[in-house]
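These are my notebook entries on one protein model. I record below what I looked up, entry by entry.

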Amino acid sequence: MKFDIVTGYTGFVGKALVLRLIKLNRSKKLILVGRNRPDFLDENTEYHNKWQYIEFDYTKLPTAKFPVNNIDTVYHCGGISSISARWIDLLNTNVNGTVNFLSWIIAAAKIERVIFISSALACGYDTSSNGSLCRLNQETPSNPNTPYGRSKYETELKIKALAIKHGFKLVIVRPSYIYGTGMRQNSGFSKFIHMVKNQSIGARMNYPGSLSFTHIDNLITLLIHVSRDESTVDEIFFADSKPILYTELFKILGEILGIEIKSIKLPIILYKSISWSLIHLYKIPYVKKKVPFHLLPLIKENIGCIDFDEINVEYKSCINISLEDGLKKTIH
């Protein structure tokens, strides 16, 4: 029997992936590798014989041999996902931890392919003075300018080297902002929705700046149906829709909630003072040097966006939930 492996199964993406894989009629058994046993699966007897748990600490070298020798796909969703995490923690867990994990399996098993959940932040942002639209594609060199993005990019490079050396297929998926039912309650998007629901003052501001979004169900569909072509490494940029302005998000959320959202335009100097306040209030670690304004979408339009018009064409079939429907599912 062949096995699939999923890491990060207690996180937003990993948990959604595990539940989808288990519900499918599959001949392969699922191995969940991580620090804690997945309690959400223990609670359901229907899933009892469809998975097994193997303990692994990413910050430590393994002491025992990996117990399975025939692996089809490794879905690596694990790691630290906080953009405000310290670089040393990101290095130990995201970068070195991934190498420890895959090396542990490679020493005992043949892997057919690895699907690594990276991030669009691995590409970096356009920090030019004119704040031009950030266009990312396979030909644009990555230049991550946040610790989290850097950790994802360096992990990509490490896994690419392992793929070439050991002959497994590698698929790197770089999603944009992931949202949907099951996301952390303290996530930025959860707070954003809560703000609109409660009609706080921020919901009435005309925030310039925009982002591309990825609904969790669409991302999971992509992960399950991703191509198995013969190339050693594939890099996929993925998002549900074109970049959307925050003011448009306010409008859509207002229509869903039945709330009238009134926008007011503020002087540019006030936007700048707001961004300055955010920097000092939240003490974002990577603003000690040059601040990518794209991370604080309050100043200019078309900042921090990713253009998916051309690079996303072959995966359009994976996008079956629109932004509007995704927001309805997330809110309700």
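**Entry 1: the core around one leucine**

I began with Leu327 and listed its contacts, leaving out residues up to four places away in sequence. Leu327 touches Tyr179, Phe189, Leu249, Ile252, Leu253 and Ile256. I note here that the model is a predicted one.

I then looked up the nonpolar cores. The largest has 50 residues, and Leu327 is among those with the most contacts inside it, together with Val6, Leu17, Val18, Phe189 and Leu223. A second core is separate from it and has 27 residues, including Ile5, Val33, Ala163 and Leu170.

**Entry 2: the protein as a whole**

I looked up the overall composition next. The protein has nine helices and eleven strands. Of its 332 residues, 52% are buried. The accessible surface is about 16,500 Å², and carbon and sulfur atoms account for 52% of that surface.

I also checked how far apart in sequence the contacting residues lie. Taking contacts between residues at least 6 apart in sequence, I find that 77% join residues at least 24 apart.

**Entry 3: helix α6**

I asked how many residues of helix α6 are buried. Helix α6 spans residues 216-225, and eight of its ten residues are buried, so the helix is largely enclosed by the rest of the structure. I list the buried ones as Ile216, Asn218, Leu219, Ile220, Thr221, Leu222, Leu223 and Ile224. Leu223 also appears in Entry 1, as one of the residues with the most contacts inside the largest nonpolar core.

**Entry 4: the cavity**

I searched for enclosed space. The structure holds one cavity of 30 Å³ or more, and the largest cavity contains about 60 Å³ of space. I recorded its lining as Tyr58, His76, Gly78, Gly79, Thr93, Asn94, Thr98, Phe116, Ser151, Lys152 and Thr155. By class, the lining residues comprise two nonpolar, eight polar and one charged. Helices α3 (87-106) and α4 (147-166) each contribute at least two residues to this lining.

**Entry 5: three lining residues**

I took Asn94 first. Asn94 is in helix α3. Why does Asn94 count as buried? Its relative accessibility is 5%, and buried means under 20%. Beyond its neighbours within four places in sequence, Asn94 is in contact with Gly79, Ile80, Asp89, Tyr148, Ser151 and Thr155. Of these partners, Gly79, Ser151 and Thr155 also line the largest cavity.

I turned next to Thr93, which is likewise placed in helix α3. Thr93 counts as buried because its relative accessibility is 11%. The C-alpha atoms of Thr93 and Thr59 are 5.6 Å apart, although the two residues are 34 apart in sequence. With neighbours within four places left aside, the contacts of Thr93 are Arg35, Tyr58, Thr59, Gly79, Ile80 and Thr98. Gly79 and Ile80 therefore appear in the contact list of Thr93 and also in that of Asn94.

I then checked Thr155, which lies in helix α4. At 1% relative accessibility, Thr155 is buried. Not counting residues up to four places away in sequence, Thr155 touches Asn94, Val95, Thr98 and Phe116. Asn94, Thr98 and Phe116 are lining residues of the largest cavity.

**Entry 6: a buried loop residue**

I closed with Val68, which sits in the loop between β3 (51-55) and β4 (70-76). I asked whether Val68 is buried or exposed. Val68 counts as buried because its relative accessibility is 9%.

I then looked up what surrounds Val68. Apart from residues up to four places away in sequence, Val68 touches Phe3, Ile31, Ala108 and Ala109. Val68 and Ala109 are 41 residues apart along the chain, and their C-alpha atoms are separated by 6.5 Å.

Technical notes:
Residues are numbered from 1 along each chain as its sequence is written. This is a predicted model: local features need pLDDT of at least 70, side-chain atom pairs count only at pLDDT 80 or more; totals for chains, interfaces and linings use all residues. Side-chain values use heavy atoms; hydrogens and water are left out. On a 1 Å grid over the protein atoms alone, a cavity is a set of points where a 1.4 Å probe fits but cannot get out, and a pocket is an open set with protein on both sides within 12 Å along at least five of seven lines; lining residues have an atom within 4 Å of a point. Grid points are joined across faces, edges and corners, and a volume is the space filled by probe spheres set on the points. Helices (H or I, at least four residues) and strands (E, at least two) are DSSP runs, numbered from the N terminus. Ala, Val, Leu, Ile, Met, Phe, Trp, Tyr, Cys and Pro count as nonpolar, Asp, Glu, Lys and Arg as charged, and the others, Gly among them, as polar. Buried means under 20% relative accessible area, exposed over 50%, partly exposed in between (1.4 Å probe, protein chains only). Contact means heavy atoms within 4.5 Å. Accessible areas come from the Shrake-Rupley method with a 1.4 Å probe; for residues, only the protein chains shown count as cover. A nonpolar core is a set of buried Ala, Val, Leu, Ile, Met, Phe, Trp, Tyr and Cys residues joined through side-chain atoms within 4.5 Å.
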